[in-house]
Amino acid sequence: MGKTILVVDDDAMNLRMAEMILKKKDYDVKKADSGQAALALLQEETVDLILLDVEMPGMSGIETLDAIRARLEPEEMPVLFLSASEDMEQAVAKGEYSVQGFVRKPVLPQKLYESVTALIE
């Protein structure tokens, strides 16, 4: 297997889609359905990149990112936000969050692959 990617999304269908897309490109995919689950997994496993849904119940993607950044700097752990929000896409483009990029939902396979490979290949 290639590099390991953690996909964090509260929607099971989005998790399966991202997993299918990434596994076709030989990435090892870990999944978490909440921010809390992602943080727990990160205590046990090492990943090369995190794909993080912004809008999740309970602990949001932004809160999850804050917890990740309390332990790991951007150069240590690249993160791509996943969202359908144009406002969030613009905020990421302006550098308002310590993430390395943004992937719009619904996720297009080629766009996801290009965003991931730009960061970890």
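1. Aromatic pairing. In this predicted model, the structure contains one aromatic pair. The rings of Phe81 and Tyr97 have centres 5.6 Å apart, and because their planes stand at 70°, where over 60 degrees is the criterion, the pair counts as edge-to-face. The pair joins distant parts of the chain, 16 residues apart, with Phe81 in strand S4 and Tyr97 in the loop between helix H4 (86–93) and strand S5 (101–104).

2. Burial of the two partners. Phe81 has a relative accessible area of 0% and is therefore buried, the limit being under 20%. Tyr97, by contrast, is partly exposed, with a relative accessible area of 25%.

3. The largest nonpolar core. This core has 22 residues, and Phe81 is among the members that touch the most others, along with Leu6, Val8, Val47, Ile50, Leu52 and Val79. At least two residues each come from strand S1 (4–8), helix H2 (35–44), strand S3 (49–53), helix H3 (61–69), S4 and H4, and H2 gives the most, with four residues. Leaving out residues up to four places away in sequence, Leu6 touches Lys30, Lys31, Ala32, Ala38, Leu41, Leu42, Val47, Leu49, Ile50 and Leu51.

4. A separate core. Apart from the largest core lies another one, of 16 residues, whose members include Ile5, Val7, Leu82 and Val103.

5. Ser83. Strand S4 (residues 79–83) also holds Ser83, which is buried, with a relative accessible area of 2%. A polar atom of the Ser83 side chain lies 3.0 Å from the backbone nitrogen of Ser85. When neighbours within four places in sequence are set aside, Ser83 is in contact with Val54, Glu55, Met88, Phe102, Val103, Arg104 and Lys105.

6. Glu89. This residue lies in helix H4, and because its relative accessibility is 30%, between the 20% and 50% limits, Glu89 counts as partly exposed. Not counting residues up to four places away in sequence, Glu89 touches Phe102 and Arg104, two residues that are also listed among the contacts of Ser83. A reader interested in Glu89 and Lys31 should note that these residues are 58 apart in sequence and 23 Å apart in space, taken from C-alpha to C-alpha.

7. A charge over a ring. The charged end of Lys25 sits over the ring of Tyr113, at 4.4 Å from the centre of that ring.

Note on methods: Residues are numbered from 1 along each chain as its sequence is written. This is a predicted model: local features need pLDDT of at least 70, side-chain atom pairs count only at pLDDT 80 or more; totals for chains, interfaces and linings use all residues. Side-chain values use heavy atoms; hydrogens and water are left out. Buried means under 20% relative accessible area, exposed over 50%, partly exposed in between (1.4 Å probe, protein chains only). A polar contact is a pair of N or O atoms within 3.5 Å; within protein, one must be able to donate a hydrogen and the other to accept it, and residues adjacent in sequence count only if both atoms are side-chain atoms. Contact means heavy atoms within 4.5 Å. Rings of Phe, Tyr and Trp (its six-membered ring) pair if their centres lie within 6.5 Å; planes under 30 degrees apart count as stacked, over 60 as edge-to-face and the rest as tilted. A charge sits over a ring if NZ of Lys or CZ of Arg is within 6 Å of the ring centre and within 35 degrees of the ring normal. A nonpolar core is a set of buried Ala, Val, Leu, Ile, Met, Phe, Trp, Tyr and Cys residues joined through side-chain atoms within 4.5 Å.
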